[in-house]
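This report covers a protein–DNA model. It takes one residue first, then the protein interface, then the two strands.

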Protein chains: 2
Amino acid sequence: MAGMSGLMVLDLLREGPGYGYGLRQRICQQSHHALQWQDGTLYPVLRRLEDQGLVTSVWANPPAGRRRRYYRLTPRGQRTWSAQRQQWLRFSGAVNAVLASRS
Amino acid sequence: MAGMSGLMVLDLLREGPGYGYGLRQRICQQSHHALQWQDGTLYPVLRRLEDQGLVTSVWANPPAGRRRRYYRLTPRGQRTWSAQRQQWLRFSGAVNAVLASRS
DNA sequence: AGTGGATACATAGTAGTGCCATGTATGATG
DNA sequence: CATCATACATGGCACTACTATGTATCCACT
């Protein structure tokens, strides 16, 4: 059941490349502020995903503005996303089934 | 987001006292075999819950049959169950909201 | 010019959880 | 009497979430 942060990050990256700070904000927004990660929370996750070959990253050096490290989903990340998503749906469904057994 | 096993055990114990082996089977059944814990998985959970004062346990020495350790919910366990349940609903809802943002 | 706040990335360390392997013992069934 | 299901227990590993901490840059305002 582990790796929820990873799954959500993979999911966000399906839309296209993204960088740490932005991903964190999008998760906060899309969860309607139910998930409020600290600043430092996300980077270990991204590091882990890259170590596992699920994402790749490149530095972006824009002419103006802060430099950012953009992460992109790999084909393997795609497959992992699909598997973990299904796993999450099954797991959360199972938990809800247990909880629902007692109204 | 941690403590899912604990929450489910607390939930089962709301119906009344229960013992390890039986709880494990009920979780397996009520989750429609999606959650299949190993034999040894549950006892550390029960131990932890007891350390935290959420359950109490007594040995049952029946005239016939195996002896069992029955666990019972404490008032504090009640409150914790309520809080963790709500937390789970919020969390799983938030995750689903994030995942649903990309169909 | 300078102060503060938001942006942006990074690492180290800790505590907690889930899970497996392993061990022990008893009751039931054939 | 052998085998299987029942039943409890412990130790340990691996992994994850989270926090604290650090560094640096950009922007807005005064």
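## An aspartate between two chains

The side chains of A:D11 and A:W81 are joined by a polar contact of 2.8 Å. The model is predicted. A second polar contact, of 2.4 Å, links the side chain of A:D11 to that of B:R102. A:D11 belongs to helix α1 of chain A.

Is A:D11 buried or exposed? The residue counts as buried because its relative accessibility is 0%, and the cut-off for buried is under 20%. Beyond the neighbours within four places in sequence, A:D11 is in contact with A:W81 and A:R85 in chain A. From chain B, the contacts of A:D11 are B:V98, B:L99 and B:R102.

## The interface of chains A and B

Contact between the chains involves 29 residues of chain A and 29 residues of chain B. The buried area comes to about 2,500 Å². Carbon and sulfur atoms give 67% of that area. Three residues stand out on the chain A side: A:W88, A:L99 and A:R102 supply 26% of the area that chain A buries against chain B. No other three residues supply more.

How many salt bridges are there between chain A and chain B? The count is four. One of them pairs A:R102 with B:E15, at 3.6 Å from N to O. Polar contacts across the interface number eight residue pairs, with both residues at pLDDT 80 or more. In chain A, the helices α1 (4-13), α2 (20-30) and α4 (75-100) each supply at least two residues of the side that touches chain B. Of the elements, α4(A) gives the most, with 12 residues. By class, this side of chain A has 16 nonpolar, seven polar and six charged residues.

## DNA strand C

Around DNA strand C there are 24 residues. Those that come nearest are A:D39, A:R47, A:R68, A:R69 and B:S5. Of the strand C atoms within 4 Å of the protein, 69% belong to sugar or phosphate. The rest belong to bases.

Both parts of the strand have polar partners. A polar side-chain atom of A:Y19 lies 3.1 Å from a phosphate oxygen of DNA strand C. On the base side, a side-chain N or O atom of A:D39 is 2.3 Å from a base nitrogen. A:R66 places a polar side-chain atom 3.3 Å from a base oxygen of DNA strand C. Two or more residues of the surface near this strand come from each of α2, α3 (42-51) and β3 (68-73) of chain A, and from α1 (4-13) of chain B. The surface has eight nonpolar, eight polar and eight charged residues.

## DNA strand D

Which residues are closest to DNA strand D? Of the 25 residues that surround the strand, they are B:Y21, B:D39, B:R47, B:R68 and B:R69. Sugar and phosphate make up 70% of the strand D atoms that come within 4 Å of the protein.

A backbone N or O atom of B:Y21 lies 2.9 Å from a phosphate oxygen of DNA strand D. B:D39 has a polar side-chain atom 2.4 Å from a base nitrogen of this strand. Chain A contributes too: a polar side-chain atom of A:R66 is 3.3 Å from a base oxygen of DNA strand D. At least two residues of the nearby surface come from each of α1 of chain A and α2 (20-30), α3 (42-51) and β3 (68-73) of chain B. By class, the surface divides into eight nonpolar, nine polar and eight charged residues.

Definitions and conventions. Residues are numbered from 1 along each chain as its sequence is written. Chains are lettered from A and ligands numbered from 1 in the order in which they are written. Side-chain values use heavy atoms; hydrogens and water are left out. Contact means heavy atoms within 4.5 Å. Buried area is the accessible area (1.4 Å probe) that two parts lose on being put together, summed over both. A salt bridge is a side-chain nitrogen of Lys or Arg within 4 Å of a carboxyl oxygen of Asp or Glu. A polar contact is a pair of N or O atoms within 3.5 Å; within protein, one must be able to donate a hydrogen and the other to accept it, and residues adjacent in sequence count only if both atoms are side-chain atoms. Helices (H or I, at least four residues) and strands (E, at least two) are DSSP runs, numbered from the N terminus. Ala, Val, Leu, Ile, Met, Phe, Trp, Tyr, Cys and Pro count as nonpolar, Asp, Glu, Lys and Arg as charged, and the others, Gly among them, as polar. A residue is near a molecule or strand if one of its heavy atoms lies within 4 Å of it. Buried means under 20% relative accessible area, exposed over 50%, partly exposed in between (1.4 Å probe, protein chains only).
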